[in-house]
Amino acid sequence: MTVRESGDLAVPAIREDFPVLEREFDGTPLVYLDNAATTQTPQQVIDAITEYYERYNANVHRGLHHLSQEASVAYEDAHDRVAEFIGAGGGREELVFTSNTTESENLVAYAWGLNELGPGDEVVLTEMEHHASLVTWQQIAKQTGATVRYIRVTDDGHLDMEHAKEVIGPDTAMVSVVHVSNTLGTINPVDELAEMAHAEDAMIFVDGAQAVPNRPVDVEAIDADFYAFSGHKMAGPTGIGALYGKKAILEDMEPFNYGGDMITKVTFEDATWNELPWKFEAGTPRIAQGIALAEAVEYLEDIGMEAIARHENELAQYALDRLGEFDDVETYGPPAGEERGGLVSFNLASVHAHDLASILNDYAVAIRAGDHCTQPLHDKLGVAATARASFYVYNTPEEIDVLIEAIDDARELFA
């Protein structure tokens with residue numbers, strides 16, 4: 001795989017790395033535009049998984065034999081590599097492998113929230129939060145007596161930062177905010193929100209599921225206390241995610257899960273915990289997935305995260321322009337011309353999003369339809385569902401043209 005000297009993506013060469021993109025359905029080439037849900041996996045990452053199972057499949061931290069030692073080193077190095085990718089200077093001690101962003105949210109909510117929150121404390125979310133954040137903190141608040149408050153979303157899809165200044169106050173204990181909205185494509189000013197939270201001695205948790213895959217992220221520059229993301233949204237395998245946490249905070253937290261490898265000593269009366277990050281990785285961990293996630297990081301860095309961010313924004317802008325040609329299509333989120341994540345949610349008048357997605361599937365165009373795990377946000381938008389086209393490193397403007405042609409045919413069908 002090569003990258004053009006100009007810094008733009010060599011998309012034809014990149015596409016060759018993804019075997020699934022060669023698929024056809026009834027002779028029609030696949031157009032995969034559901035990347036905000038799950039990206040496709042390059043051959044390099046597939047090979048890393050295969051190599052683990054073919055060459056050194058063994059449990060980590062449990063054996064003195066060659067295979068276990070090789071697996072342990074590779075798994076530990078994967079933590080360091082992923083930590084470096086997001087600017088975590090503490091390396092593996094600040095990077096816990098989880099199954100996904102949702103588990104990372106729950107880890108913090110249960111290991112920190114249940115112990116630290118109580119009546120009078122407030123957890124501040126936004127109206128554009130994914131259910132992984134909203135439902136988790138909502139339920140923890142019910143158990144602890146804390147209160148959940150929400151930062152408003154403006155009509156043009158931004159956070160109301162003046163309202164944020166009002167909501168984040170002396171009673172705030174945690175601010176949990178999505179970095180890039182999976183429905184609106186909005187890129188939130190998480191560094192400003194972190195500053196607001198810390199000014200009130202509160203912590204901030206950033207959901208980076210839609211940010212880490214497609215733009216440079218520096219958790220220390222953001223000054224995030226916690227930051228989470230998922231491998232399957234960044235050219236990695238399913239079943240693996242990561243939680244960054246500041247070392248001092250993670251050291252003070254109690255474990256969320258108990259079992260093998262997260263202990264130092266066990267007696268019939270009590271137990272003591274292992275060092276970071278193993279303290280939070282109970283049982284046989286996600287070995288192959290963690291190693292493959294590090295390979296995905298290598299793959300993305302070879303392309304260049306700045307270039308990926310530009311590419312996705314350009315595709316989103318092109319999609320907005322093409323959708324803007326239709327008088328009966330409504331798009332959601334920041335307007336055309338403003339930088340956004342690589343996705344566009346929209347609705348075609350008189351055609352339900354699910355029906356539209358089904359028709360597009362007949363054209364081998366894969367999109368997402370529904371509430372995208374943001375039901376309260378859709379309630380605020382006044383719609384039950386939206387269609388969402390989301391882009392990644394291998395997508396092209398020509399594929400967006402196919403999407404537009406299919407939407408046009410759907411209009412004719414329902415007319």
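## Helix 3 and what it packs on

Let's start just past the end of helix 3: the helix is followed by Gly 87, which has a positive phi, near 80°. Keep in mind that this is a predicted model.

Helix 3 itself covers residues 66–85, 20 residues in total. From first C-alpha to last it reaches 29 Å, close to the 28 Å expected at 1.5 Å a residue. Its buried residues include small ones such as Ser 68, Ala 71, Ser 72 and Ala 74. Tyr 75, Glu 76, His 79, Arg 81 and Phe 85 are also among the buried residues of the helix. As for partners, the buried residues of helix 3 pack against two strands, strand 4 (95–98) and strand 9 (226–230). They also pack against helix 2 (43–55), helix 10 (287–303) and helix 11 (305–323).

## Aromatic pairs

How many aromatic pairs does the structure hold? The count is 11. One of them joins Tyr 110 and Phe 256, with ring centres 5.5 Å apart; the planes sit at 25°, so this pair is stacked. It links distant parts of the chain, 146 residues apart: Tyr 110 belongs to helix 4 (residues 101–116), while Phe 256 is in the loop between helix 9 (247–252) and strand 11 (263–266). Tyr 110 is partly exposed, at 30% relative accessibility, and Phe 256 is partly exposed too, at 26%.

That loop between helix 9 and strand 11 also carries Tyr 258, whose partner Trp 273 is in strand 12 (residues 271–273), 15 residues apart in the chain. Here the centres are again 5.5 Å apart, but the planes make an angle of 50°, so the pair counts as tilted. Buried or exposed: which is Tyr 258? Tyr 258 is exposed, with a relative accessible area of 54%, whereas Trp 273 is partly exposed at 28%.

Elsewhere, Phe 18, Tyr 299, Tyr 392 and Tyr 394 come together as one aromatic cluster.

## Arg 411 over a ring

Now to helix 14 (residues 397–414), where you'll find Arg 411. Its relative accessible area is 18%, and since buried means under 20%, Arg 411 counts as buried.

What does Arg 411 touch, leaving aside its neighbours within four places in sequence? The contacts are Phe 326, Asp 328, Val 329 and Leu 348. With Phe 326 there is a further detail: Arg 411 lies over the face of that ring, at 4.1 Å from the ring centre.

Notes
Residues numbered from 1 in each chain as written. Predicted model: local features only at pLDDT ≥ 70, side-chain atom pairs only at ≥ 80, totals over all residues. Heavy atoms only, no water. Helix = DSSP H or I, 4+ residues; strand = E, 2+ residues; numbered from the N terminus. Buried < 20%, exposed > 50% of the residue type's maximum accessible area, 1.4 Å probe, protein only. Contact = heavy atoms within 4.5 Å. Expected span 1.5 Å × (residues − 1). Phe/Tyr/Trp six-rings, centres within 6.5 Å; stacked < 30°, edge-to-face > 60°. Lys NZ or Arg CZ within 6 Å of the ring centre and 35° of its normal.
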